[in-house]
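Here's a quick briefing for anyone opening this model for the first time. Have a look at the sequence and the structure, then read on.

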Amino acid sequence: MRSVDTVAELRSTLAAYRRADARIGLVPTMGALHAGHMSLIARAREQCDVVVVSLFVNPTQFNEQADLARYPRDLERDSQMAAGAGADILFAPPVKEVYPPGFSSEVRVSGITERLEGTQRGPEHFNGVSTVVCKLFGMVGPDVAYFGQKDAQQVLVIRHLVEDLNIPVRIEMCPTVRERDGLALSSRNMHLSASERQQALGLYAALSAAGSAVSQGRRDHGELLAAATTELERRQIQPEYLELVDLQTLEPLQRLDRSALLAIAARIGATRLIDNVILTPTPTPQPSEREATTTCSA
Ligand code: AMP
């Protein structure tokens with residue numbers, strides 16, 4: 001794996017691949033790599049000829065300075081992990097390479113950025129994400145870029161911007177990787193104490209409870225949110241939001257009459273965590289249908 005930290009070096013390294021018409025995959029990260037990031041790199045490895053992993057703790061998307069200051073950074077470890085997962089190029093630019101003196105542009109996607117995370121973190125968060133991802137697309141020129149479902153709203157925002165700005169890149173959303181007990185992997189999990197980690201399990205427990213309610217035929221959003229809330233209360237978690245929303249527009253849904261996103265954010269101690277699941281209203285078989293199925297398969 002080759003490590004580069006300037007755009008010029010990145011471009012000259014990619015030039016040979018581009019001449020050979022190689023398919024370029026990009027995995028944007030903020031480092032502190034874990035198995036979630038690894039799964040994105042592995043997917044890119046399967047589908048592309050050259051895999052670029054970017055590692056940049058983007059200051060403009062942090063709405064809390066304390067969160068930025070304590071964001072874990074370990075370039076040596078990340079570089080070994082990225083190489084182990086099959087990356088060809090690690091692009092880890094310093095802040096002044098991405099935002100040189102005089103930088104004064106911003107990419108802003110309206111509408112969907114004003115919901116969920118936008119209501120809590122303010123518009124600056126997604127403006128920071130959109131701007132830096134647009135810049136990375138300009139620097140790397142990827143054919144495909146890989147993002148995690150864990151940040152589902154972010155994926156939607158990026159899909160919007162590549163469509164609106166005619167950026168020729170395919171956005172691939174990869175499933176959330178979880179610990180065995182369900183906790184979604186996150187670079188911020190390392191800030192959790194043992195007891196906070198136990199409490200954090202409540203997020204996935206809540207999402208799963210709503211999933212079970214769907215399997216039992218519940219469709220009303222009040223019933224689904226009540227099932228989730230019971231799990232949150234059991235662990236004394238007060239969510240910043242817990243919402244059932246449309247998969248494309250993120251508008252709140254009253255009924256699960258199509259696949260939808262159930263998204264949650266909560267503070268566990270000083271650590272803010274997010275998670276989500278996609279709920280799908282598969283039809284529950286009626287008793288007569290179940291009998292018929294049993295008869296057929298017997
Ligand atoms: P981050 O370094 O937190 O900015 O994340 C970089 C990319 O990894 C984003 O596309 C995230 O959605 C994705 N990601 C983070 N955690 C997970 C996870 N547990 N499973 C899958 N993808 C993840």
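Before we get to the helices, one bit of groundwork: the expected span of a helix is 1.5 Å times one less than its number of residues. Keep in mind, too, that this is a predicted model. With that said, here's the tour, starting with the whole protein and then moving to a few of its parts.

**The whole protein**

- Counting up the secondary structure gives 11 helices and 9 strands.
- The radius of gyration is 21 Å, close to the 19 Å that the globule rule gives for 298 residues, so the protein is as compact as a globular protein of that length.
- Taken along the principal axes, the box filled by the C-alpha atoms is roughly 65 × 45 × 35 Å.
- Buried residues make up 49% of the 298 in the protein.
- If you take the contacts with a separation of 6 or more, 73% of them link residues 24 or more positions apart.
- About 14,300 Å² of the protein is exposed, and carbon and sulfur atoms supply 50% of that area.

**Strand 2 and its partners**

- Strand 2 covers residues 24-29, and 6 of its 6 residues are buried.
- In a regular strand, side chains alternate between the two faces of the sheet.
- Here both faces are covered: I24, L26 and P28 are buried on one side, and G25, V27 and T29 are buried on the other.
- One partner is strand 3 (residues 50-55), which pairs with strand 2 in the parallel sense over 6 bridges.
- Within that pairing, V27 sits opposite V53 of strand 3.
- Strand 5 (residues 144-148) also pairs with strand 2 in the parallel sense, over 2 bridges.
- There, G25 has V144 of strand 5 as its bridge partner.

**Helix 2, between two strands**

- Helix 2 (residues 35-47) joins strand 2 and strand 3 in making a right-handed β-α-β unit.
- This helix has 13 residues and runs 18 Å from its first C-alpha to its last, close to the 18 Å expected at 1.5 Å a residue.
- Which residues of helix 2 are buried? They are G36, H37, M38, L40, I41 and A44.
- The cover over those buried residues includes strand 2, strand 3, helix 4 (75-85), strand 5 and strand 6.

**Helix 8 and what surrounds it**

- Helix 8 takes up residues 152-164, and at 1.5 Å a residue its 13 residues should span 18 Å; the end C-alpha atoms are 18 Å apart, which agrees.
- Its buried residues are A152, Q153, Q154, V155, L156, V157, I158, L161 and V162.
- Those buried residues pack against helix 6 (117-121), helix 7 (123-140), strand 5, strand 6 (170-174), strand 8 (260-268) and strand 9 (271-279).
- Just after helix 8 comes N166, with a positive phi of about 55 degrees.

**A closer look at V157**

- V157 has its place in helix 8.
- Is V157 buried or exposed? V157 counts as buried because its relative accessibility is 0%, and the cut-off for buried is under 20%.
- Setting aside neighbours within four places in sequence, V157 is in contact with V109, I112, T113, F126 and S130.
- Take V109 from that list: V157 and V109 are 48 residues apart in sequence, yet 6.8 Å apart in space, C-alpha to C-alpha.

Definitions and conventions:
Residues are numbered from 1 along each chain as its sequence is written. This is a predicted model: local features need pLDDT of at least 70, side-chain atom pairs count only at pLDDT 80 or more; totals for chains, interfaces and linings use all residues. Side-chain values use heavy atoms; hydrogens and water are left out. Buried means under 20% relative accessible area, exposed over 50%, partly exposed in between (1.4 Å probe, protein chains only). Helices (H or I, at least four residues) and strands (E, at least two) are DSSP runs, numbered from the N terminus. Two strands pair if DSSP finds at least two bridges between them. A crossover is right-handed if, with the strands pointing away from the viewer, the path from the first strand over the helix to the second runs clockwise. Contact means heavy atoms within 4.5 Å. The radius of gyration is taken over C-alpha atoms; the globule rule is 2.2 Å times the number of residues to the power 0.38. Accessible areas come from the Shrake-Rupley method with a 1.4 Å probe; for residues, only the protein chains shown count as cover.
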